Each structure stands twice: as C-alpha cells, then as structure tokens.
Amino acid sequence: MKTQMTLAAAAMLLGTAMSPALAQEKIKLGVVVTLSGPAAALGQQVRDGFALAVKDLGGKMGGRDVEVIVADDELKPDAAVTKVKGLLERDKVDFVVGPIFSNILQAIHRPITESKTFLISPNAGPSTFAGKDCNRFFYVTSYQNDQVHEILGKVAQDRGYKRMYLMVPNYQAGKDSVAGFKLDYKGEIVEESYMPLNTLDFQPELSKISSQKPDALFTFMPGGLGVNLVKQYRQAGLADSIPVLSAFTVDESTLPAQQDAAVGMFGGANWAPNLDNPQNKKFVAAYEAAYNSVPGTYAFQAYDAAMLIDSAVTAVKGDLSNKDAVAAALKKADFTSLRGAFKFNTNGYPIQNFYLTKVAKRPDGKFQTEIVQKVFENYGDRYAKDCKAAN
C-alpha cells in the first residue's frame with residue numbers, strides 16, 4: 001500500500017535564522033504514482049527519478065532532512081483520493097508529487113489544494129487546471145497535455161504531408177490528442193480512427209492504412225497499446241514506407257518491449273536522453289548506473305520536480321509556514337532544469353522548448369529517443385491567458 005523511505009537522519013543548519021526546532025523537523029514529501037498493473041513502469045520512473053534527485057541533494061532541502069513517502073494510486077481515482085487523504089491527514093506531508101495520469105490528477109487536485117498543500121505534477125498536465133481553474137498551489141514540471149500532440153501536427157504540416165491517417169484510443173485523452181494535432185495541421189485527414197482501449201489486434205486498421213497509402217500516420221497509443229501497434233506495424237511492412245508520428249507511443253517506457261520494431265519512428269517531447277547539456281548528461285549516466293535502464297520523460301520531470309521543491313525550500317530558508325512566500329518561490333523556479341530553458345507561465349505550467357524525437361539503437365544495444373529538431377521554442381500553452389490566480 002505504502003512504503004516509506006527516510007533519506008537522511010541528521011539535521012543541519014545552513015547558516016540561516018531557522019529555529020533549532022524547525023531545523024530538526026523533516027520535510028515530508030508524498031509521491032503518488034501508479035505502481036501496479038501495466039502502467040507501473042511509468043510510476044517507477046517517477047519514483048526513481050525523484051529519489052535520485054533527493055539523493056543528489058544529500059537527503060536535505062533548505063537544511064532540513066527529507067522524508068519521502070510513496071503511495072500507489074493503483075490507477076483508480078477513488079483509491080488515489082484515499083491515499084492522498086492519508087498523506088495529508090496522517091503523514092501531514094508538506095508537498096505532494098504526482099500523478100502520472102490526468103484522471104487521477106482530476107480526482108486528487110481538489111483535496112490537496114483545498115488543504116493548502118502544494119501539488120507538483122511530474123507528468124499529468126490537463127487543460128482543466130491550465131486556464132480559469134488554475135491554482136496557486138498547483139505546478140507542473142512536464143507540459144500542458146495538448147502540446148506534445150501539437151508538435152506532431154506542426155511537423156506534419158511543415159514536412160508537406162498532404163494526407164494523414166489518425167489513430168488514437170477511444171477516450172477523452174485520445175480525442176484531445178486529435179484536437180492538439182489539428183491545431184497546426186491543415187492537410188487532408190483520410191481516416192480518424194478511435195480504437196477500444198483493450199485493442200490487441202491492429203490488423204484491420206493496418207490493412208486500411210496499407211490500402212489508403214497516407215503520407216504518414218499520427219498515433220497516440222500509450223503503454224501496451226503502443227507495444228502491440230508498433231510490433232504489428234513493423235511486421236506488416238509499413239514502417240519503411242509510411243512514417244509514424246507518435247505521442248506517448250515510442251518512449252523509454254515502451255522501448256524495452258518494442259526494441260528494433262520501433263527504430264526510426266518519430267515522437268514529440270520536451271526532452272530526450274541525448275539532450276546536450278552538462279546537467280542532463282550527468283543525470284542520464286547516474287540514472288542508468290542506479291537503475292540499469294534508460295530514463296524517460298517521466299524520470300527527468302520527477303527529478304526536476306524535486307529540484308523545484310528544493311529551490312523553494314531554500315529560498316524561504318526552510319520555513320514553510322508562509323504559504324504565499326513558498327508559492328512565490330515555486331513560481332520563480334530558481335533551479336537548473338535538466339531540459340535547459342525553463343520557466344513557469346502565469347498558470348504554473350512550463351514555458352519551454354519542444355522537439356521532434358526519433359527512436360535509435362545505441363552501440364550498447366539499448367534503445368532511446370534522440371532529438372531530431374527543435375519544433376517550438378519557449379512555448380507556453382494556449383490556456384494560460386485565462387488563468388487569473390495569483391500564482
């Protein structure tokens with residue numbers, strides 16, 4: 001149900017005016033992610049990326065020891081709310097970090113923010129809280145969900161793809177992905193296919209793609225859906241003739257299962273393991289050494305979430321009692337992001353660069369996404385203009 005990880009034992013002052021009693025109190029951080037079922041790999045990356053950051057900080061933030069309490073939301077909104085209430089009422093956490101999925105975020109957002117506890121999302125970034133319902137207790141270190149799909153629509157338009165085949169899961173996130181793709185793409189959509197979430201066999205769709213011969217396929221098929229689609233697409237002989245522009249379909253969470261079948265397929269992201277800056281190179285090497293796997297966006301965004309919290313705690317000299325001061329410190333985002341350029345928009349969502357990525361096989365046999373080109377620079381989401389909260 002819940003595991004506790006105490007990451008430091010002794011308290012230490014940072015030469016601030018912090019009281020001895022405050023210095024000895026641990027900062028409690030609740031991490032709520034999916035750690036059971038097929039989506040557990042995503043939650044594990046968040047948990048591990050966050051833990052690596054806390055380790056790199058020496059187990060302290062602003063001179064205070066840190067205790068991380070990890071809870072499995074089970075990908076069930078009701079279970080997530082129960083776990084969150086435990087973190088807030090029993091454990092009295094100072095910050096909550098999570099979740100992976102937007103439907104879980106929608107369930108836990110209100111109880112956390114109404115308790116005046118800060119919620120930092122390392123992945124889920126729905127439009128729901130990016131506009132008029134933004135909140136000064138909520139910050140996102142990933143992106144607004146639509147933006148990743150916008151990347152692929154922009155690329156399809158810029159590359160002159162005149163005919164596109166769209167295939168997504170038949171639920172709200174799938175419909176949102178199509179809307180995001182269409183923002184910049186103005187060509188013909190030969191098919192807009194919505195697949196059941198339990199689809200295992202994509203052969204009927206692949207036959208239609210083969211006969212209609214679109215210039216490219218846009219797809220959003222997360223997790224197991226993506227694993228099956230990519231393998232079957234390659235087996236059908238389509239990968240070499242009809243390019244794949246995908247979101248959350250080929251990434252470091254699915255590549256261990258897709259392997260060679262995914263090589264050459266495109267994705268959209270705000271980062272990739274080969275992003276060329278010193279802090280990212282150090283992070284990727286440390287993550288691979290610690291966990292024997294290639295980090296994905298889930299891990300890097302969680303690492304940044306920890307560093308964001310540390311920057312705020314340090315700015316207020318470890319005193320979290322003044323919520324306005326903590327909110328101002330979070331909004332300032334005074335830390336070095338693994339992605340490089342990063343700042344918060346008025347709604348607590350990032351302004352950042354976005355890239356087209358491509359799956360590659362490394363010399364050591366592992367698979368990763370690599371940056372092909374920058375698509376958007378210092379890009380904020382389109383909902384921020386409606387945010388009136390005093391973030």
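Start by showing contacts (heavy atoms within 4.5 Å) across the whole protein chain: among those between residues at least 6 apart in sequence, 72% join residues at least 24 apart. What you have open is a predicted model, where local features need pLDDT of at least 70, side-chain atom pairs count only at pLDDT 80 or more, and totals for chains, interfaces and linings use all residues. Residues are numbered from 1 along each chain as its sequence is written, and side-chain values use heavy atoms, with hydrogens and water left out.

**Whole chain**

Switch to cartoon view and you'll find 12 helices and 15 strands. These are DSSP runs numbered from the N terminus: helices are H or I with at least four residues, strands are E with at least two. The radius of gyration is 21 Å, close to the 21 Å that the globule rule gives for 391 residues, so the chain is as compact as a globular protein of that length. That radius is taken over C-alpha atoms, and the rule is 2.2 Å times the number of residues to the power 0.38. Along the principal axes, the C-alpha atoms fill a box of roughly 70 × 45 × 40 Å.

Now colour by burial. Buried residues make up 56% of the 391; buried means under 20% relative accessible area, exposed over 50%, and partly exposed in between (1.4 Å probe, protein chains only).

**Residues 26–360**

Select 26–360 next. UniProt, in an unreviewed entry, places the feature "domain: Leucine-binding protein" here; such annotations may be inferred rather than shown by experiment. This stretch is 41% helix and 21% strand, with its end C-alpha atoms 43 Å apart.

**Gln144**

Zoom in on Gln144, in the loop between strand S7 (138–140) and helix H5 (146–158). Is Gln144 buried or exposed? It's buried, with a relative accessible area of 0%. Which residues does Gln144 touch, not counting those up to four places away in sequence? Show Gly125, Pro126, Ser127, Ala130, Tyr349, Asp381 and Tyr383 as sticks, and there they are.

**Ala272**

Last stop: Ala272, in the loop between strand S12 (266–269) and helix H10 (278–291). Ala272 also counts as buried, at 0% relative accessibility. Leaving aside neighbours within four places in sequence, Ala272 is in contact with Asn280, Thr357, Thr369, Glu370 and Ile371. Try drawing a line from Ala272 to Ile371: they're 99 residues apart in sequence and 6.2 Å apart in space, C-alpha to C-alpha.
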